[in-house]
Amino acid sequence: IDYDGTLEAPSLDSAAGSNSLKYNTSTNEITYESSTRKVKKNIAPATASLYDDVLNLSPSTFEWKNPKSTGTTLGLIAEEVASANSLFASYGPNFEYNNETGRIQRNESGSRVIVDDTIVPVNVNWEAITTALIGKVKSLEQRLSELENQ
């Protein structure tokens, strides 16, 4: 879904249930969110160092360029999040944006203008960050418990 309301959905696939929808800007696919083992493979525990990467995140305040959005927002910047850990961001084509409105530029035929073939951070992967925070809290709880027992 683009700022102007354009919806590109060549396929709609469900992993399971009627959960949140996710739009992939690289493939233009809309899929359902699912977290069951039935849709996953190569499952392995995350490392403690990944949990520590959440400490490298720096919240920012900002205003959206989109004139429909008003006020100051607290959040994270996709490029900065990707620097902390690539799993903390989601990626897509390197679209050209209008510097005044923040909208993706379109050419005469209405297609989105792509700067080059690189894939760049375009959003924050809040599920990954939340999951890493759970791991970090668990490790801090374990450490606290060990200190209390000394």
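Let me start with a single polar contact, in which the backbone oxygen of Leu87 lies 3.4 Å from a polar atom of the side chain of Asn125; a polar contact here is a pair of N or O atoms within 3.5 Å, where within protein one must be able to donate a hydrogen and the other to accept it, and residues adjacent in sequence count only if both atoms are side-chain atoms.

Before going on, I should say that this is a predicted model, in which local features need pLDDT of at least 70 and side-chain atom pairs count only at pLDDT 80 or more, while totals for chains, interfaces and linings use all residues. Residues are numbered from 1 along each chain as its sequence is written, and side-chain values use heavy atoms, with hydrogens and water left out.

On confidence, pLDDT being the predictor's confidence in each residue from 0 to 100, the protein averages 87, and 86% of the residues score at least 70. Confidence is lowest in strand E1 (residues 12–13), at a mean of 52, and highest in H2, at 98; helices (H or I, at least four residues) and strands (E, at least two) are DSSP runs, numbered from the N terminus. Where pLDDT is low, the predicted coordinates should not be read in detail.

Back to Asn125, which sits in the loop between E7 and H3. Is Asn125 buried or exposed? At 19% relative accessibility it counts as buried, buried meaning under 20% relative accessible area, exposed over 50% and partly exposed in between, with a 1.4 Å probe and protein chains only. Leaving aside neighbours within four places in sequence, Asn125 is in contact (heavy atoms within 4.5 Å) with Leu87, Phe88, Ala89 and Ser90; Ser90, 35 residues away in sequence, is 5.6 Å away in space, C-alpha to C-alpha.

Phe88 leads us to the largest nonpolar core, which has 14 residues, those with the most contacts inside it being Leu57, Leu76, Val81, Phe88 and Ile129; such a core is a set of buried Ala, Val, Leu, Ile, Met, Phe, Trp, Tyr and Cys residues joined through side-chain atoms within 4.5 Å. Helices H1 (48–52), H2 (78–84) and H3 (126–148) each supply at least two residues of this core. With the same sequence neighbours, those within four places, left aside, Val81 is in contact with Leu57, Leu76, Phe88, Ala89, Val124 and Ile129.

As for H3, its buried residues are Ala128, Ile129, Ala132, Gly135 and Lys136, and what covers them includes H1, H2 and strand E7 (114–124).
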